[in-house]
Each structure stands twice: as C-alpha cells, then as structure tokens.
Amino acid sequence: MFASQTALMALMALQLFNAVFIGTIAGLGMLWFQDVMRSRPGAASTIFANSISTGMVLAGVIQGMLSERLGRIAVCWLALGLVVKEKGNAVVALGCDQVQTRVAWAERAWMP
C-alpha cells in the first residue's frame, strides 16, 4: 500500500510539471499563429485549435500503423529521432535577433 501511495503522489507531482509544459507550449504556439496573422487574431486562434486536433488524429493513425508493422519500440525511436531533429532546427531557427523581436512584440501586445 505504501509503494502505491508514493507512486501516486509522484505521478501527481509530475502532472504539475506536465501542465506547466503544455500550457507554455500551447501559449507560444498561439502567440506564433497570432503573430503571423496579426490582422485576424480570431482566425489565428481557430486555426491553431484545429491544427492541434488534426495533428492528434494523424499522430494516432501513424503511431498505430508504425507499431503494427514494426513494433512498439519503433514508435519510441521515431519520437526520439524527431525530438533530436527538431531540437537542432529550433536552435538554428531561433537566433538571438528573432527571440528578441518576439519578446519585444509580446511585451507590446500584453502591456497597456
């Protein structure tokens, strides 16, 4: 009983980190869409929300096909490969000038 309670508490604590991470990523994604479509923030929010739903559906189909043909471990290797690839792309794409521009734009958007 003690081990399962400890595991449950650890899982609940990790969910807090998970919520902060997802909230941050979703907020940055929404900010990016609205930055791209400055004249239509409502449309940007709708496209962002719909793209998340579409991405989850497609990811489920791809994950199912991959795990059926190559096994479950292939999905883990693919996920690891995508993380490594995207981490490199993010470092290259977000130079200091772009980060400062986005921060300055965000400050202007939120400050009265």
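Here is a short tour of a predicted model of one protein chain.

**The overall picture**

Start with the basic parts list. The chain contains 4 helices and 0 strands, so if you walk from the N terminus onward the pattern reads α-α-α-α. Of its 112 residues, 10% count as buried. The accessible surface adds up to about 9,400 Å², and carbon and sulfur atoms own 73% of that.

**How far to trust it**

Across the chain, pLDDT averages 75, and 75% of the residues score at least 70. The confidence is not spread evenly, as these two helices show.

| Helix | Residues | Mean pLDDT | Rank in the chain |
|---|---|---|---|
| Helix 2 | 41-70 | 85 | highest |
| Helix 4 | 96-110 | 50 | lowest |

There is also a stretch, residues 92-100, where pLDDT stays under 50, and for these residues the model has 2 contacts beyond four places in sequence. Where pLDDT is low, the predicted coordinates should not be read in detail.

**A closer look at helix 2**

How many Å should helix 2 span? At 1.5 Å a residue, its 30 residues should cover 44 Å, and the C-alpha atoms at its ends sit 42 Å apart, which agrees. The buried residues of this helix are Ala-43, Ala-44, Phe-48 and Leu-66. Right after helix 2 comes Gly-71, with a positive phi near 100 degrees.

**Val-75 and its contacts**

Now hop over to helix 3 (residues 72-93), which is where you'll find Val-75. Is Val-75 buried or exposed? Val-75 counts as buried because its relative accessible area is 18%, and the cut-off for buried is under 20%. Setting aside neighbours within four places in sequence, Val-75 touches Gln-63, Leu-66 and Ser-67. Leu-66 has already turned up as one of the buried residues of helix 2. Val-75 can also be compared with Ile-62: the two are 13 residues apart along the chain, and their C-alpha atoms are separated by 9.1 Å.

**A nonpolar patch on the surface**

Finally, take a look at helix 1 (residues 2-36), home to Leu-8. Together with Met-9, Leu-11 and Met-12, Leu-8 makes a nonpolar surface patch of about 420 Å². Why does Leu-8 count as partly exposed? Its relative accessible area is 47%, and partly exposed covers the range between the buried limit of 20% and the exposed limit of 50%. So Leu-8 is partly exposed, while Val-75 is buried.

Terms used. Residues are numbered from 1 along each chain as its sequence is written. This is a predicted model: local features need pLDDT of at least 70, side-chain atom pairs count only at pLDDT 80 or more; totals for chains, interfaces and linings use all residues. Side-chain values use heavy atoms; hydrogens and water are left out. Patches are made of residues with over 30% relative accessible area and no salt bridge: like charges are joined within 9 Å, nonpolar side chains (Val, Leu, Ile, Met, Phe, Trp, Tyr) within 5 Å. Accessible areas come from the Shrake-Rupley method with a 1.4 Å probe; for residues, only the protein chains shown count as cover. A salt bridge is a side-chain nitrogen of Lys or Arg within 4 Å of a carboxyl oxygen of Asp or Glu. Helices (H or I, at least four residues) and strands (E, at least two) are DSSP runs, numbered from the N terminus. Buried means under 20% relative accessible area, exposed over 50%, partly exposed in between (1.4 Å probe, protein chains only). Contact means heavy atoms within 4.5 Å. pLDDT is the predictor's confidence in each residue, from 0 to 100. The expected span of a helix is 1.5 Å times one less than its number of residues.
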